[in-house]
Amino acid sequence: MICRRSDKELEKMHQANAIVLHILELLKTALEPGITTAELDRIAADSLKREGAKAAFLGYRGFPASLCVSVNDEVVHGIPSETKVLAEGDIVSLDLGSIVDGYYGDNAITAGVGAIPEQHERLLTVAERAMFKGIEAMEAGNHISDIGHAVQSHVECHGYSVVREYVGHGIGRALHEDPPVPNYVQAGRDPRLKKGMCLAIEPMVVTGESHVKTLADKWTVVTADGGFSAHFERSATITDSGPWILAEPKRVYSEGASIV
Ligand code: MG
């Protein structure tokens with residue numbers, strides 16, 4: 001079942017998502033050589049508390065932290081650790097979820113530690129743009145596969161691959177709701193998009209083959225071939241005047257930028 005949210009509900013989701021994106025921007029400024037991924041998690045947890053939001057990931061299916069921190073060849077679900085120390089040139093995916101009055105926010109960014117090689121900059125640019133391409137496809141009357149097509153074609157035209165094993169999702173009163181939102185075109189069920197649906201668009205873009213594996217900690221997902229990975233995510237909804245990125249003030253989304 002795909003839920004559609006009222007304006008009142010969307011306002012709660014705006015709050016939940018704006019808090020998350022604000023904290024991600026704060027964490028980005030903390031990405032310095034020598035910081036541990038556990039310190040980043042503490043900043044995230046303290047910030048959520050200060051904002052009056054609950055951590056959506058902590059305890060989710062047993063996940064032990066508020067923040068997922070995935071470094072270099074790690075794709076998603078990296079567990080923060082006191083012994084994982086970031087170094088100059090690393091690329092770090094930060095994925096954070098919140099709950100405000102029972103409504104969820106879920107967003108992710110990938111950023112570099114200090115100066116990063118030019119090929120990493122390119123990977124990050126392509127992955128972020130692929131996410132915005134997916135969001136641009138969130139028009140009433142389109143299908144879920146239009147999102148996957150937009151993401152996949154942008155990524156593959158730039159010589160990268162999209163991960164298949166993990167996909168975007170509906171979001172609202174739960175972190176993961178119907179429908180799944182693949183970052184590629186998939187045959188089969190293909191719901192039509194309607195006003196008020198809320199989707200987390202989250203391409204995972206890798207430099208090599210798309211295959212991934214899960215480490216012995218049962219959470220950390222890495223590329224099977226050791227390629228680098230970038231992950232960007234925004235929760236967005238479909239309005240009469242186009243997609244609304246829920247972390248942003250209510251605006252029409254167009255051509256990679258928010259305009260009034
Ligand atoms: Mg998500």
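**A walk from helix α1 to the magnesium site**

In α1, the buried residues are E9, L10, M13, H14, A16, N17, I19, V20, L21, I23, L24 and L27. Here buried means under 20% relative accessible area, exposed means over 50%, and partly exposed is in between, with a 1.4 Å probe and protein chains only. Before going on, a word on what you're looking at: this is a predicted model, where local features need pLDDT of at least 70, side-chain atom pairs count only at pLDDT 80 or more, and totals for chains, interfaces and linings use all residues. Numbering starts from 1 along each chain as its sequence is written, and side-chain values use heavy atoms, with hydrogens and water left out.

Back to α1, which covers residues 7-29. Its 23 residues should span 33 Å at 1.5 Å a residue, and its end C-alpha atoms are indeed 33 Å apart. That expected span is 1.5 Å times one less than the number of residues. Helices here are DSSP runs (H or I, at least four residues), strands are E runs of at least two, and both are numbered from the N terminus.

Helix α3 (residues 118-136) gets the same check: with 19 residues, α3 reaches 27 Å from its first C-alpha to its last, close to the 27 Å expected. Its buried residues are H120, L123, L124, V126, A127, A130, M131, F132, G134 and I135. Over in helix α2 (residues 37-50) you'll find D46, which counts as partly exposed at 49% relative accessibility. D46 sits 9.7 Å from S66, C-alpha to C-alpha, with their positions 20 residues apart in sequence.

Now for the metal. The magnesium ion is coordinated by D106 (OD), H169 (NE2), E202 (OE) and E233 (OE), at 2.1 to 2.5 Å. Along the chain these donors follow the spacing D-x62-H-x32-E-x30-E. E202 lies in the loop between β9 (198-201) and β10 (204-206), and E233 in the loop between β13 (229-231) and β14 (234-239), so the pair ties together parts that are 31 residues apart in sequence. Both E202 and E233 are buried. Donors are N, O and S atoms within 2.8 Å of the metal (3.2 Å for Na, K and Ca), and sites may look incomplete because water is not among the atoms.

Next, the open space. The largest pocket has a volume of about 500 Å³. Of the 26 residues that line this pocket, Y60, R61, H77, Y166 and H176 are the closest to its centre. Two elements, β7 (168-170) and β8 (177-181), give two or more residues to the lining, and β8 gives the most, with four. By type, the pocket lining divides into 13 nonpolar, six polar and seven charged residues. Nonpolar covers Ala, Val, Leu, Ile, Met, Phe, Trp, Tyr, Cys and Pro, charged covers Asp, Glu, Lys and Arg, and the others, Gly among them, are polar.

There's also one cavity of 30 Å³ or more, and the largest cavity holds about 30 Å³ of space. I2, C3, R5, G170, I171, E177, D178, G196 and C198 line it. On a 1 Å grid over the protein atoms alone, a cavity is a set of points where a 1.4 Å probe fits but cannot get out, while a pocket is an open set with protein on both sides within 12 Å along at least five of seven lines; lining residues have an atom within 4 Å of a point. Grid points are joined across faces, edges and corners, and a volume is the space filled by probe spheres set on the points.

Finally, the cysteines: the structure holds zero disulfides, a disulfide being a pair of cysteine sulfur atoms within 2.5 Å. For C3, the closest cysteine sulfur is in C198, 9.3 Å away and too far for a bond.
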